[in-house]
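Hi everyone, thanks for making time. I've got one model to walk you through today, so let's put it up.

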Amino acid sequence: MQTWLLGENWKGAGDQVKNMITITHGTGVGSGNITGGILLTGETGMAGEIGHMTVDIHGHRCNCGRIGCLETICSATGIVRQAKDIFELAKAGDSGSLQIRQCTAGSLGVSIANAAAVLNPASVIIGGGVSRDGADFLTNMKTAFEKYALLGLSSACEVKLAQLGNDAGIIGAFLVKQKT
């Protein structure tokens, strides 16, 4: 995750900002942070893992062992638990699928607003397989972020899709190698 974050900030959608949150949204929900130009790792290397923030105290058990993590709702696994082929059905106008997609995007948007309240980023970059659903998912997520973000945070923070895909990790690793 850390090399992906560094690569996306250096050569991708991050535009080399000093304060950024990245979220990979696929089989799981991973995240990382740069604050003041410094990669935050924490004591055990798990700083900024919003995928394991509890968002539903009555929810499903997560792979980490806890109950109701964001990952149990917003990961591809969590979405499949709610319904199969959700994004294709939502694009076709299926009302149940649209509701699940909106709930998933909303949960992620609220979680980003919470993380932004702590870190005050200039950018939030979203990548991973689920993010490929496109503009509708991103719009729903941004709407929730703007609704729940502290006053002034949403106008100072741009939420956008990652640009480098799987290459971000390779590019980030190259950057790390150059600095050593």
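Quick bit of housekeeping before the helices: when I quote an angle, it's between N-to-C directions and runs from 0 to 180 degrees, with axes fitted to C-alpha atoms, for helices over the stretch in contact. And keep in mind that this is a predicted model.

Okay, helix packing. Have a look at α1, residues 2-11, against α8, residues 167-179: the angle there is about 90°, and the axes sit 6 Å apart. Anything from 65 to 115 degrees counts as roughly perpendicular, so that's what we call α1 and α8.

Who's touching whom? On the α1 side you've got Thr3, Trp4, Leu6, Gly7, Glu8, Trp10 and Lys11, and α8 brings Ala168, Gly169, Ile171, Gly172, Ala173, Phe174, Leu175 and Val176. Sort the residues of that contact by character and you get nine nonpolar, four polar and two charged.

Now the sheet. It's an open one with five strands, ordered β3-β2-β1-β4-β5, and the pairing is mixed. At the edges are β3 (38-40) and β5 (158-161), each pairing on one side only. On average, neighbouring strands are turned by 20° against each other, if you ignore direction.

Zooming in on one edge: β2, residues 29-35, runs antiparallel to β3, and three bridges join them. One to look for is Ile34, whose bridge partner in β3 is Leu39.

So which helices lie across β1, β2, β3 and β4? α1 is one of them, running at about 120° to β1. Helix α5, residues 95-119, lies across those strands too, at about 155° to β1.

That's my bit, over to you.

Terms used: Residues are numbered from 1 along each chain as its sequence is written. This is a predicted model: local features need pLDDT of at least 70, side-chain atom pairs count only at pLDDT 80 or more; totals for chains, interfaces and linings use all residues. Side-chain values use heavy atoms; hydrogens and water are left out. Helices (H or I, at least four residues) and strands (E, at least two) are DSSP runs, numbered from the N terminus. Angles under 35 degrees count as roughly parallel, over 145 as roughly antiparallel, 65 to 115 as roughly perpendicular and the rest as oblique. Contact means heavy atoms within 4.5 Å. Ala, Val, Leu, Ile, Met, Phe, Trp, Tyr, Cys and Pro count as nonpolar, Asp, Glu, Lys and Arg as charged, and the others, Gly among them, as polar. Two strands pair if DSSP finds at least two bridges between them.
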